[in-house]
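Student: Hi! Could you walk me through this one with me asking questions as we go?
Tutor: Sure, ask away.
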Amino acid sequence: MNPRRIAMLLMSVASPALMGPVSTWPALAQQVPATAGPSAEPVERILLPPPIQWDNGMLNFSPALPQTARDFANLTGGLAFGMSPAQVNALLPDPYPGLAWSDLPLANEYPGEVRYFGVTLDRAGPLRMDPVGCTGAGSYLVLLFTSNGLFRLSYRLIADKNCTDTNAAAQSIFARFVPITQAIAMSTRYRTGNANVVEVTDPTVAYMAFVRWRRVSN
Amino acid sequence: MRLSWLIVVPWLLLSGGVVVAGPQAFDLHLDVPPIVADSKAPASCTVTYLIDDTANNDVFAERMRIASAETDTPINNRMPCPANVPPRVGERALDACQSRAGDPKQCVFADMARGFQREPNIDNTSEIASRCSSDKFSDIGVACWMSGKLSVCDVGCGNSPKEAVAQAQARCSEKQQHSCPVTATVPIPGP
């Protein structure tokens, strides 16, 4: 399938305002193989936020480990908040040809002018984060931009008949971002409809962190 | 005499000034010495809390490193931890979950009271039992049973991952009157 057509299809399902049922893009769904089912091992994953250093009186605290945007870049294959859509697109293993800010659709749920494009998880390269467990064939990553550049990654893992629960996969993606301090990349996780969502937001636009994706159809 | 002073004193002042005002060697070779970790130094105090986001069963291990007092001395190569940890430290541990959760109210301490599944809120959890200190233990563990899609858990401390899980399972079985097969553990100071 033409990459531009794939981009357009993803854009059409990524926005709540424009979103149709997942079955409107069966061709894409076939391209995303379901990964292995949930682990049979009854062991919970423990997530590790960065440690905190307290003074001896336990009155004041600060981050115990210095972190910079480089830690985020190392995790994401070179990504940085503020990158233009073209720069982010160039990091993907199969970039969309001719992708430009003015061509991107608006994400109407956000204040101001926010535009986005989406990519299926299997085409996300290092941003895929190699989740454990099944992801659902219709799962994808949305990259959101203001005129100042990239400000959010939104992983949307949608259950289907072959993957009835994407919680483990979402948790494993989330686990990769939790060790990054919220001062560098604000990671959040929530559920909407039959989708598990992991979002990673630029803390300089923290007010955007409270805007949530709402899945309006199952 | 007075005339000679008038000549000598300005000469001394000027000549000194010239010397001081000469080109400075800015590269003083004061290189920052490399930071060398002392592998034999006693481990500093870490108090680790387990916090649960009940919305999706995420368990966070929030590690609080607490500076030692000058008078503290290590015991078994571990620096002592405070006997009493104020509630604000636990509240900060909760914040690690609340700042990342879809609904902050879903974040609770991971050591839960019996019947938690009926009233899954923070009032039915124990802050004190949800933490382990590095001066006494090396590992913290959690053991849970599934009430539908909700993990109902308790916490244990040990000096090995196996011991921490065993303690958590024993506590969970006793408090919850259930077997608690879902387990996990992490080192208290972190990986």
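Student: In chain B, what share of the contacts with a separation of 6 or more comes from residues 24 or more positions apart?
Tutor: In this predicted model, such residues account for 59% of those contacts. Two residues are in contact if their C-beta atoms, placed from the backbone, lie within 7 Å.

Student: How are things numbered and filtered?
Tutor: Residues are numbered from 1 along each chain as its sequence is written, and chains are lettered from A and ligands numbered from 1 in the order in which they are written. Local features need pLDDT of at least 70 and side-chain atom pairs count only at pLDDT 80 or more, while totals for chains, interfaces and linings use all residues.

Student: What pLDDT does chain B average?
Tutor: Chain B averages 85, and 79% of its residues score at least 70; pLDDT is the predictor's confidence in each residue, from 0 to 100. Over residues 12-30 of chain B, though, the pLDDT is below 50, and this stretch has zero contacts beyond near neighbours in sequence.

Student: New topic: how many helices and strands does chain B have?
Tutor: Three helices and seven strands, taken as DSSP runs numbered from the N terminus (helices: H or I, at least four residues; strands: E, at least two).

Student: And how many residues does each chain bring to the contact?
Tutor: Chain B brings 34 and chain A brings 26.

Student: Which element of chain B gives the most to that side?
Tutor: That's β2(B), with nine residues.

Student: What is the bridge partner of Leu47(A) in β2(B)?
Tutor: Phe60(B).

Methods: Pairing = 2+ DSSP bridges.
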